[in-house]
Amino acid sequence: MNEETNKKEISAIKGTKDILPQEARYWQVAEATARQIFELYGYRELRAPVIEPTELFEKGTGASSDIVTKEMYTFVDKGGRSITLRPEYTPSVVRAIIEHRLDLQPQPLRFYYIGPMFRYDKPQKGRYRQFHQIDIEVFGEKDPAVDAEIVEMAHHLLKKLGVEKVETLVNSVGCKKCRPAYGQALRQAARAVKDRLCPDCQRKAEINPLRIFDCKVETCREAAATFPLITEYLCEECRTHFEQFRSYLDFYGINYRIDPTLVRGLDYYTKTAFEIVTEHLGAQNAICGGGRYDDMVKEFGGPDLCGIGFAMGVERLLSVARITTPKESFVYIAYLGEEAKKKSLATAREWRQKGVECLVEFKDRNMKAHFSRANKIGADWVLIIGENELARGLFQLKDMNNSQQYEGTNEELLKIVKQKGKQDAST
Ligand code: AMP
């Protein structure tokens, strides 16, 4: 490596970003709120690896999906295996269920997970190559009431995080019985207007014409507007399921719009598909997407276990959420002299063990410099430990928010700090 390349700044990979401490506070609140709400509905966390065998997604996400054909981060590891950074979570959960025989546990199984996903997509506002999803899955529950319950749970979370002005779009994409006839009708319609479709959609017209509805190219959208709709082709079972799903949404008072072109980007959906969109996000307006996948576990060689779930994009969620982060209260310990420094370290250790955030800095400072530093970094309290204090066993504590000063023993002052912390937390 020559000196020039040595000096070159290394930056984060395109489409990824650092979440710095101030922003991370918002992530922590969003994640903690999601966990709390999901647990209230009986969901439990299931953590799967970030790397998986490539075939998991080829089989699960679907060989004709955009994710598999264009967007996967795939590499061969040192053992010659093809590995993929997961682009979505559902196939990992299905693999884990089969691998650990989780289907033998009482059903329905309810899981959640929060973590990064990877897609080699064109980066733009609201679309990243490493992004994060809040994901939930339910297995072994056929009742359309659960379809509505997960939509209600998503709304519960959005409301708790102050997300307003969302619209819920719903559709049924049919099942193995009714979708082939629809696919046939769609293929015919697509062939008839093939020359008006973009090259990508011309290919899709043959492989999976349903996918044309996802295309954003204007001529393809115009063409797709003339295509037959899935809702006209649903079999009795799918039609009834869709009606019941909607009646449960009505029961919850959730407004929705039926969008018969909502097919979602993945191959495995059956029956229910839904999306929650917001008007604030421009082109990338979907915050949450989900649906049913009743055949997936079986197709993976597992038991006949139906499934449903959703994934929420954390970056998009946070860009429209209104979150207040908890105020961080901390004590700056100001000391003078070597002996006082040791006392400061011991006090900080004790107070931290009792749940109080403390900071001791090691630069030699006089009292004035200590106070100006404490002020600069936003300390709520300054605990003063000087030789005088050491001799008397009494320390000074200053409340930086109102300049009130206290004198007392270690225990007395700790009590004041904790008491004030409690008051602040309850206001
Ligand atoms: P999907 O798995 O494609 O249904 O996506 C579910 C949710 O994840 C979407 O509604 C978005 O909020 C989010 N999402 C999907 N892809 C990206 C991406 N490339 N960057 C950021 N968020 C994304």
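Which residue takes a positive phi in the hairpin of strand 3 and strand 4? I began with that point, keeping in mind that this is a predicted model.

**Entry 1: the hairpin**

I looked between strand 3 and strand 4 and counted five residues there. G80 is the residue with the positive phi, which is near 80 degrees. I then checked how the two strands pair. Strand 3 covers residues 73–76, and four bridges link this strand to strand 4 in the antiparallel sense. For one register point I took Y73, which faces L85 of strand 4.

**Entry 2: the other side of strand 4**

I next looked up what else strand 4 pairs with. Strand 2, residues 51–53, is joined to strand 4, residues 82–85, by three bridges. These two strands also run antiparallel. As a register point here I noted P53, whose bridge partner in strand 4 is I83.

**Entry 3: the sheet as a whole**

Putting the two pairings together, I wrote down an open sheet of three strands in the order 2-4-3, with antiparallel pairing. Strand 2 and strand 3 are the edge strands, and each of them pairs on one side only. I recorded an average twist of 35 degrees from one strand to the next.

**Entry 4: residues around the ligand**

I moved on to the ligand. Around it I found 14 residues, of which R119, Y128, R264, A286 and I287 come nearest. I sorted the shell by character and got six nonpolar, four polar and four charged residues.

Which strand gives the most to the shell around the ligand? I found that strand 10 does, with four residues. At least two residues each come from strand 6 (130–139), strand 10 (286–292) and strand 11 (307–313).

**Entry 5: polar backbone atoms at the ligand**

I then looked for backbone atoms facing ligand oxygen atoms and noted these three distances:

- I287 places a backbone N or O atom 3.1 Å from an oxygen atom of the ligand.
- G313 has a polar backbone atom 3.2 Å from an oxygen atom of the ligand.
- C288 has a polar backbone atom 3.5 Å from an oxygen atom of the ligand.

How much of the ligand's exposed area does the protein bury? I noted that the ligand taken alone exposes 480 Å², and that the protein buries 90% of this area.

I287 turned up twice in my notes: it is among the residues that come nearest to the ligand, and its backbone supplies the 3.1 Å distance to a ligand oxygen.

Terms used. Residues numbered from 1 in each chain as written. Predicted model: local features only at pLDDT ≥ 70, side-chain atom pairs only at ≥ 80, totals over all residues. Heavy atoms only, no water. Pairing = 2+ DSSP bridges. Axes fitted to C-alpha atoms, helices over the stretch in contact; angles between N-to-C directions. Near = heavy atom within 4 Å. Polar contact = N/O pair within 3.5 Å; in protein donor to acceptor, adjacent residues only side chain to side chain. Areas by Shrake-Rupley, 256 points an atom, 1.4 Å probe, with all protein chains shown as cover. Nonpolar A, V, L, I, M, F, W, Y, C, P; charged D, E, K, R; others polar.
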